[in-house]
Amino acid sequence: MKCILFNLSALCIGFLAFSQHTNDHKALKSNTMNAVAHKNPKALFDPTPFAFSHSTTPEGEGKYVFISGQSGGEGLKHSLSKDFRTQVRVALKNLETVLADYGLQTKDVLKITILIVNHDQEKLKIWTEEMHTAWKNHEFPASTLIPVPRLALDDMQIEVEAIAFMKK
């Protein structure tokens, strides 16, 4: 009986030691998963003076890519056309540029938020037409359109932010 009790005690102690080691490993592993990667494609202006990145993603199994609002600003000088349709096309092109920096496409976008200055039905029509052009597979992401009185710069008429997912 003493032998069985001793073996049972040894087994329990071994199990507790193993479970504590396993829990320590899990805690250590979760601490290392808090890393965030930031990307600012060379084809877009440098956003760091304005305290943001074009995109961020958590490191882990799959990756979510959080893309800052892309405006209709063209090139490194961020030139803004007065034409709403042109700004929509450029904003979507800028979004595609950030996605491409991760090896992603519009099909990888899960969610977009669209901010439109002085939104009206004509602007909604233009937005919808350009989305059909940009999302060639017509499998559209979840989206929210928010009418706003103004954006960061005086001539900005649209801003599009997105959340994409990159499979492991």
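Rings of Phe, Tyr and Trp are taken to pair if their centres lie within 6.5 Å. In the predicted model, a search of the whole structure on this basis returns 2 aromatic pairs. One of them joins Tyr-64 and Phe-66 in a tilted arrangement, with 6.4 Å from centre to centre and 35° between the planes. Ring pairs link these two residues with Phe-165 into a cluster. Tyr-64 has a relative accessible area of 39% and is therefore partly exposed; Phe-66 likewise counts as partly exposed, at 37% relative accessibility.

The strand pairing provides the setting for this cluster. Strand 3 (residues 63-71) and strand 8 (residues 158-166) run antiparallel and are joined by 7 bridges, with Tyr-64 standing opposite Phe-165 of strand 8. Strand 8 is also joined by 7 bridges to strand 6 (residues 109-117), again in antiparallel orientation. In this second pairing, Lys-111 of strand 6 stands opposite Ile-163 of strand 8. In a regular strand, side chains alternate between the two faces of the sheet.

Charged groups were also located over aromatic rings. Lys-39 lies over the face of Tyr-102, at 4.6 Å from the ring centre. The charged end of Lys-123 is placed over the ring of Phe-84, at 5.3 Å from its centre.

With regard to internal space, the count comes to 1 cavity of 30 Å³ or more, and the largest cavity has a volume of about 40 Å³. Its lining consists of Leu-44, Phe-45, His-54, Gln-70, Ser-71, Gly-73, Gly-75, His-78 and Asn-94. These lining residues divide into 2 nonpolar and 7 polar, with no charged residue.

Definitions and conventions. Residues numbered from 1 in each chain as written. Predicted model: local features only at pLDDT ≥ 70, side-chain atom pairs only at ≥ 80, totals over all residues. Heavy atoms only, no water. Pairing = 2+ DSSP bridges. Helix = DSSP H or I, 4+ residues; strand = E, 2+ residues; numbered from the N terminus. 1 Å grid on protein atoms, 1.4 Å probe; cavity = no way out; pocket = protein on both sides within 12 Å on 5 of 7 lines; lining within 4 Å. Points joined across faces, edges and corners; volume = space filled by probe spheres on them. Nonpolar A, V, L, I, M, F, W, Y, C, P; charged D, E, K, R; others polar. Phe/Tyr/Trp six-rings, centres within 6.5 Å; stacked < 30°, edge-to-face > 60°. Buried < 20%, exposed > 50% of the residue type's maximum accessible area, 1.4 Å probe, protein only. Lys NZ or Arg CZ within 6 Å of the ring centre and 35° of its normal.
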